[in-house]
Amino acid sequence: MRGHFITFEGGEGSGKSTHAATLAQRLKASGIDIVLTREPGGSPGAEIIRHILLSGIAKPLGAETETILFAAARDDHMRSTILPALEAGQWVICDRFIDSTRVYQGILGKVDGKLIRGLERVTVGAAMPELTFILDVPATIGLARAKTRRGAGAADRFEAESVEYHEHLRQAYLALAKLEPKRCVVIDGRAPRDVVADRIWAAVNQRLSGAPAARAAEPAAP
Ligand code: Z5A
């Protein structure tokens with residue numbers, strides 16, 4: 001049996017990591033075997049590429065090169081982590097995935113859509129996420145949360161971009177969600193943590209076969 005594939009997307013500090021982890025815990029507590037992973041990264045090779053990308057050393061090489069590096073990381077992540085887990089019937093929850101490339105490199109970085117789609121075909125193919133949560137918060141709130149969490153540490157390559165950049169990013173995510181309403185669910189990330197978590201839980205139970213609530217409603221085996 002193939003498992004389920006869920007991704008979390010959104011701007012900086014929107015709560016993706018928090019809610020990916022919360023959902024993973026709830027599913028685990030319901031007896032579902034899950035793999036919680038992230039991009040860029042999620043496999044040994046991809047974690048090395050993550051370091052290169054987030055340090056900013058690839059930025060002078062241009063947006064196309066960064067896009068190719070994100071794709072190289074994704075390819076390793078798919079082969080080493082995501083596909084084996086799905087094939088084993090596990091549920092995969094991934095903190096950022098293809099929509100980050102579509103938005104950060106495609107819309108903000110103005111990389112040709114043909115290159116982005118071509119790389120997506122090669123790296124992901126038919127193994128698309130079935131459900132994508134887009135956590136939506138105004139850029140000022142997300143950046144303030146990320147700054148508080150970071151403390152005295154330095155901003156990474158993307159955190160260092162302007163508020164306008166991050167607001168543009170937010171609008172790009174909302175536009176993308178409108179294009180794919182079957183896959184994407186927009187969640188207001190300004191709500192209190194437990195409210196956000198409950199909305200995510202409700203959507204998982206409503207949309208995915210074999211989710212805990214759906215299983216509980218099934219008649220018991222004779
Ligand atoms: N990137 C790309 O360009 N292209 C790609 O294809 C991919 C990625 C895959 C990865 O950064 C960067 O790579 C990313 C895009 C780019 N850069 N940016 N920006 P990362 O993995 O280091 O960081 P991130 O993905 O941006 O996530 P983040 O900064 O860690 O934020 P988050 O995961 O959305 O938020 P969080 O850590 O869960 O929450 C932030 C804080 O807010 C934390 O203290 C929480 O406790 C708090 N929080 C969370 N929810 C709430 C609520 N509801 N209320 C109040 N406070 C809350």
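How much space lies in the second largest cavity? In this predicted model, the second largest cavity holds about 70 Å³ of space. The structure has two cavities of 30 Å³ or more, and the largest of them has a volume of about 100 Å³. The largest pocket has a volume of about 820 Å³, and the second largest pocket one of about 170 Å³. The points below cover these spaces, then strand β3 with cysteine 94, and finally the nonpolar cores.

**Cavities**

- The largest cavity is lined by 16 residues, of which Gly11, Glu12, Val137, His166 and Arg170 are the closest to its centre.
- At least two lining residues of the largest cavity come from each of β4, α6 and α7 (163-179), and α7 gives the most, with four residues.
- By class, the lining of the largest cavity comprises eight nonpolar, five polar and three charged residues.
- The second largest cavity is lined by Thr67, Phe70, Ala71, Arg74, Ile98, Thr101, Ile116, Leu119, Glu120 and Thr123.
- Helices α3, α4 and α5 are the elements that give two or more residues to the lining of the second largest cavity.
- Five nonpolar, three polar and two charged residues make up the lining of the second largest cavity.

**Pockets**

- The lining of the largest pocket consists of 31 residues, and Glu12, Gly13, Lys16, Ser17 and Arg149 lie nearest its centre.
- Two or more residues of the lining of the largest pocket come from each of α1 (16-29), α2 (44-55), α3 (63-87), α4 (98-108), α6 (139-150) and α8 (193-207).
- In the lining of the largest pocket, 13 residues are charged, ten are polar and eight are nonpolar.
- Glu12 appears among the residues nearest the centre of the largest pocket and also among those closest to the centre of the largest cavity.
- The second largest pocket is lined by Arg102, Gly106, Ile107, Val111, Gly113, Ile116, Arg117, Glu120 and Leu176.
- The elements that give two or more residues to the lining of the second largest pocket are α4 and α5 (113-123), and the largest share, four residues, comes from α5.
- The lining of the second largest pocket contains four nonpolar, two polar and three charged residues.
- Ile116 and Glu120 line the second largest pocket, and Ile116 and Glu120 also line the second largest cavity.

**Strand β3 and its partners**

- Five of the five residues of β3 are buried, so the strand is largely enclosed by the rest of the structure.
- In a regular strand, side chains alternate between the two faces of the sheet.
- In β3, Trp91, Ile93 and Asp95 point one way, while Val92 and Cys94 point the other way.
- Strand β1 (residues 5-10) pairs with β3 in the parallel sense over four bridges, and phenylalanine 8 stands opposite aspartate 95.
- Strand β2 (residues 34-38) also runs parallel to β3, to which it is joined by five bridges.
- Aspartate 95 is the bridge partner of arginine 38 as well.

**Cysteine 94**

- Cysteine 94 lies in strand β3, which spans residues 91-95.
- The relative accessibility of cysteine 94 is 0%, and the residue therefore counts as buried.
- Beyond its neighbours within four places in sequence, cysteine 94 is in contact with Phe5, Ile6, Thr7, Phe8, Thr37, Arg38, Glu39 and His77.
- Isoleucine 34 and cysteine 94 are 60 residues apart in sequence, and their C-alpha atoms are 11 Å apart in space.

**Nonpolar cores**

- In soluble globular proteins, nonpolar side chains tend to be buried together.
- The largest nonpolar core has 23 residues, of which Ile6, Phe8, Leu23, Trp91, Phe133, Ile200 and Val204 touch the most other members.
- At least two residues of this core come from each of β1, α1, β3, β4 (131-136), β5 (184-188) and α8, and α8 gives the most, with five residues.
- Tryptophan 91, not counting residues up to four places away in sequence, touches His4, Ile6, Leu27, Ile32, Asp33, Ile34, Val35, Val204, Leu208, Ser209, Gly210 and Ala211.
- Another core of 18 residues lies apart from the largest nonpolar core, and its members include Leu53, Val103, Tyr104 and Tyr173.

Terms used:
Residues are numbered from 1 along each chain as its sequence is written. This is a predicted model: local features need pLDDT of at least 70, side-chain atom pairs count only at pLDDT 80 or more; totals for chains, interfaces and linings use all residues. Side-chain values use heavy atoms; hydrogens and water are left out. Buried means under 20% relative accessible area, exposed over 50%, partly exposed in between (1.4 Å probe, protein chains only). Contact means heavy atoms within 4.5 Å. Two strands pair if DSSP finds at least two bridges between them. On a 1 Å grid over the protein atoms alone, a cavity is a set of points where a 1.4 Å probe fits but cannot get out, and a pocket is an open set with protein on both sides within 12 Å along at least five of seven lines; lining residues have an atom within 4 Å of a point. Grid points are joined across faces, edges and corners, and a volume is the space filled by probe spheres set on the points. Ala, Val, Leu, Ile, Met, Phe, Trp, Tyr, Cys and Pro count as nonpolar, Asp, Glu, Lys and Arg as charged, and the others, Gly among them, as polar. A nonpolar core is a set of buried Ala, Val, Leu, Ile, Met, Phe, Trp, Tyr and Cys residues joined through side-chain atoms within 4.5 Å.
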